[in-house]
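I opened a new notebook page for this protein. I wanted to get my bearings before going into details.

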Amino acid sequence: MIGTVNRVLLGLAGLILLVVGGAVLATGLGLSVPSWWPFDGKDDVLLSRSDRYRWRDEGWWWPTVIAVLAVLVLLALWWLLAQLRRARLAELLVDSGDGEGALLRGRALESALGSEAGNLDGVSEAKVGLTGRRTAPQARIRLLMEPHAAPRQALRGLTEQALAHARTSAGLDELPAEVRLKAVKHRAERVS
């Protein structure tokens, strides 16, 4: 979702800047511009002194300006924080028993969990992603199921084997998982 929001916001900002910059450039070069455009000559300014002071004495003007700017600042902060937040967990904190702790790479646990889940009966492919905090990770698992697979058995094997091994090897009390099952596309078999 963050990638989509980034593309939309950057696209809108780019489009607005392109249109405004192109119109300012056209006016500066002496080309004709629409009648509603705020300035129309090389020596004209975008906002005249009277335009800048027009709303100054209105009681609603400054609260509206401040509210709009506050909303823009909050949206910009939300966007910045969304950029800094990682979608995947880079490392996990494992209790090593000596009070220090050890760091386990998130990709290593994802790989181990994915290969064990991929070896389950009826599973063609497994993709694993870890999210959450380093002390409380969460797994997102996508299993690509073969046509003959029994989903109940695959989920039981995933829970009792792969997730249990990952939980004990990382020293976690719990490892919540969101599992999505998808069937492999295959051709229909002919019956003769």
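My entries below go from the whole chain down to single residues.

**Entry 1: overview.** I noted at the start that this is a predicted model. I counted the secondary structure and got five helices and five strands. Read from the N terminus, the elements run α-α-α-β-β-α-β-β-α-β. I then looked up burial: 21% of the 192 residues count as buried. The protein exposes about 14,700 Å², and carbon and sulfur atoms supply 58% of that area. I also checked contacts between residues at least 6 apart in sequence; 48% of them join residues at least 24 apart.

**Entry 2: strands 4 and 5.** In which sense do strand 4 and strand 5 pair? I found a parallel pairing over seven bridges, between residues 137–145 and residues 177–183. From strand 4 the chain passes through helix 5, residues 151–170, to reach strand 5, and this β-α-β crossover is right-handed. I picked out one bridge: arginine 140 has glutamate 178 of strand 5 as its partner.

**Entry 3: salt bridges.** How many salt bridges are there? I count three. Side chains of opposite charge can pair when their charged atoms come close.

- Arginine 180 meets glutamate 178 at 2.9 Å, N to O. Arginine 180 counts as exposed because its relative accessibility is 54%, over the 50% cut-off. Glutamate 178 is partly exposed at 36%.
- Arginine 134 meets glutamate 91 at 3.0 Å, N to O. This pair links distant parts of the chain, 43 residues apart: arginine 134 sits in the loop between strand 3 and strand 4, glutamate 91 in strand 1. Arginine 134 is partly exposed at 37%, and glutamate 91 is partly exposed at 29%.
- Glutamate 125 meets lysine 127 at 3.8 Å, N to O. I read 33% relative accessibility for glutamate 125 and 42% for lysine 127.

**Entry 4: helix 5 up close.** I chose glutamine 161, which lies in helix 5. Is glutamine 161 buried or partly exposed? I found a relative accessible area of 39%, so glutamine 161 is partly exposed. Leaving out residues up to four places away in sequence, glutamine 161 touches Glu116, Leu120 and Arg156. Leucine 120 is 41 residues away in sequence, yet the C-alpha atoms of the two are 9.2 Å apart.

**Entry 5: a surface patch.** I looked for nonpolar side chains on the surface. Val68, Leu69, Val71, Leu72, Leu75 and Trp78 form a nonpolar patch with about 590 Å² of accessible area together. I followed up leucine 75, which belongs to helix 3, residues 61–84. Leucine 75 is partly exposed, at 49%.

Note on methods
Residues numbered from 1 in each chain as written. Predicted model: local features only at pLDDT ≥ 70, side-chain atom pairs only at ≥ 80, totals over all residues. Heavy atoms only, no water. Patch = residues over 30% accessible without salt bridge, like charges linked within 9 Å, V, L, I, M, F, W, Y side chains within 5 Å. Areas by Shrake-Rupley, 256 points an atom, 1.4 Å probe, with all protein chains shown as cover. Salt bridge = Lys/Arg side-chain N within 4 Å of Asp/Glu carboxyl O. Helix = DSSP H or I, 4+ residues; strand = E, 2+ residues; numbered from the N terminus. Buried < 20%, exposed > 50% of the residue type's maximum accessible area, 1.4 Å probe, protein only. Pairing = 2+ DSSP bridges. Right-handed = clockwise from strand over helix to strand, strands pointing away. Contact = heavy atoms within 4.5 Å.
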